[in-house]
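Me: I am new to reading protein models, and I would like a close look at a single part of this one, with its surroundings explained step by step. Please take one helix as the centre and work outwards from there.

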Amino acid sequence: MPQIFDEIVAAGAKYWQVQLTVAMGNAVDNSAMLLQPHQIIEVVDCLAALYHKGRDIGFRLLPGNSIGYFGRHEPYWRSLTSDIEHWGGCTAGETTLGLEADGTIKSCPSLPKSHFSAGETRSTSINEALRDLESRTVRRDGNRGRSFCGSCYYWNTCRGGCTWVSHVLESKRGDNPYCYYRATTLAKRGLRETIEKVAEAPDEPFAVGRFKVRLERADGSRAPRLLGLDDKRRKRGRLVLCQSCDEYIYAAEQACPHCGGANGSKLAAGEKLAIDVQTTIDEAEHHGRRILEIAGMAGGEMAAPE
């Protein structure tokens, strides 16, 4: 990537948007070209270094929606302006639509129409398509996440990252192993995630296969899934930067869950009450998920991670 960066700069370009190669179409047929999820740490660190190198010479590297999420680089590169911004969740079917060559309207240009189509342009209006897609957007589909994403501190903001990346792995979104925060959190415990192809993609446009996500120890041996959850409770509200470590935290926090530093942010009483109510709901859901996980282990369903 540094060599590609140099070539693009030398050609006189001013912007470079980067995306992951995602498990769709030919990338399923040639799955060896796909990154293993734990490699996202090295990739994002490299891209972030190139971003800062580019800013110094008037060149802008832009992370696409598949690159993320949170962690120490998040405050720097999301915004096209000088404002500090963070990933706010997939907007497929809300502020984005895709149009295929045959006239099919779908949630996003990248998503497969098998799951995300809403009619075609000859018989469907944009308003009708948006209403049809509404129940399949990340804020309205009822998906509460799975695996690490289901327990993640940032879930209520992130919603599992790019729908395209996670859906094409298991034909459903909500469990995105290609996440910087997730991969770095697991790495601190000596854990990593890999993907394994278990089904080929059919011979058609935007086709997807099926992959299993495995949790492993550093030596490649399998690790129990319960070790692959976030140890920071899911929160809700406005995100602010920690004054000590420059990672995003929720404004209601009294101390940063990442570094332990004091949080100096102040909240209005109404905002704090709303956050307290939602936190109680999230904690109840957290306990419910734990009960189901323990019950599954007792029944042998989770004895061996997939």
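Reply: Let us take helix H3, residues 40–55, as the centre, and begin with its partner helix H1, residues 2–10: in this predicted model, the two pack at an angle of about 25 degrees, with their axes 11 Å apart. Since angles under 35 degrees count as roughly parallel, H1 and H3 are therefore described as roughly parallel to each other. When you turn the model to look at this pair, you will find that H1 passes H3 in a right-handed crossing. The residues that meet there are Pro-2, Phe-5 and Asp-6 on the side of H1, and Cys-46, Leu-50, Lys-53 and Gly-54 on the side of H3. Sorted by class, this contact of H1 with H3 has 4 nonpolar, 1 polar and 2 charged residues.

It helps to pause on the spacing of such contacts along a helix. An α-helix has 3.6 residues a turn, so residues three or four places apart point the same way.

One of the residues of H3 that meet H1 is Cys-46, and Cys-46 is partly exposed, with a relative accessible area of 21%. A cysteine invites a further check, namely how many disulfides the model holds. A disulfide is a covalent bond between the sulfur atoms of two cysteines. With a cut-off of 2.5 Å between the sulfur atoms, the count comes to 0 disulfides. An instructive case is Cys-256, because the closest cysteine sulfur to its own, in Cys-242, is 3.7 Å away, which is too far for a bond. Cys-256 is also buried, with a relative accessible area of 4%.

Now return to H3 and look at another of its partners, helix H10, residues 180–187. The axes of H3 and H10 come within 9 Å and cross at roughly 120 degrees, and H3 and H10 are therefore oblique to each other. The crossing of H3 past H10 is left-handed. On the side of H3 the contact is made by Ile-40, Ile-41, Val-44 and Asp-45, and on the side of H10 by Tyr-180, Ala-183, Thr-184 and Ala-187. By class, the contact of H3 with H10 has 6 nonpolar, 1 polar and 1 charged residues.

H10 itself deserves a careful look, since 7 of its 8 residues are buried, so that H10 is largely enclosed by the rest of the structure. The buried residues of H10 are Tyr-180, Tyr-181, Arg-182, Ala-183, Thr-184, Thr-185 and Leu-186. What do these buried residues of H10 pack against? They pack against H3, against helix H7 (147–151), and against the strands S6 (191–199) and S7 (210–217).

Just ahead of H3 in the chain is the loop between helix H2 (26–29) and H3, and Gln-36 has its place in this loop. With a relative accessibility of 24%, Gln-36 counts as partly exposed. If residues up to four places away in sequence are not counted, Gln-36 touches Tyr-178, Thr-194 and Ile-195. Although Gln-36 and Ile-195 are 159 residues apart in sequence, their C-alpha atoms are 6.3 Å apart in space. This pair can be set beside a figure for the protein as a whole: among contacts between residues at least 6 apart in sequence, 59% join residues at least 24 apart.

Further along the chain, the loop between strand S2 (60–63) and helix H4 (74–77) holds Tyr-69, and the peptide bond from Gly-68 to Tyr-69 is cis, with omega near 0 degrees. Phe-70 lies in the loop between S2 and H4 as well, and its phi is near 60 degrees, a positive value in a residue other than glycine. Phe-70 is buried, with a relative accessible area of 3%. A positive phi is also found for Ser-171, near 65 degrees, and Ser-171 is in the loop between helix H9 (163–170) and H10. Unlike the buried Phe-70, Ser-171 counts as partly exposed, at 30% relative accessibility.

To place this part in its wider setting, the protein has 11 helices and 9 strands, and buried residues make up 46% of its 306 residues. Within that setting, H3 is roughly parallel to H1 and oblique to H10.

Conventions:
Residues numbered from 1 in each chain as written. Predicted model: local features only at pLDDT ≥ 70, side-chain atom pairs only at ≥ 80, totals over all residues. Heavy atoms only, no water. Axes fitted to C-alpha atoms, helices over the stretch in contact; angles between N-to-C directions. Helix = DSSP H or I, 4+ residues; strand = E, 2+ residues; numbered from the N terminus. Parallel < 35°, antiparallel > 145°, perpendicular 65-115°, else oblique. Left-handed = near helix turned anticlockwise from the far one by under 90°. Contact = heavy atoms within 4.5 Å. Nonpolar A, V, L, I, M, F, W, Y, C, P; charged D, E, K, R; others polar. Buried < 20%, exposed > 50% of the residue type's maximum accessible area, 1.4 Å probe, protein only.
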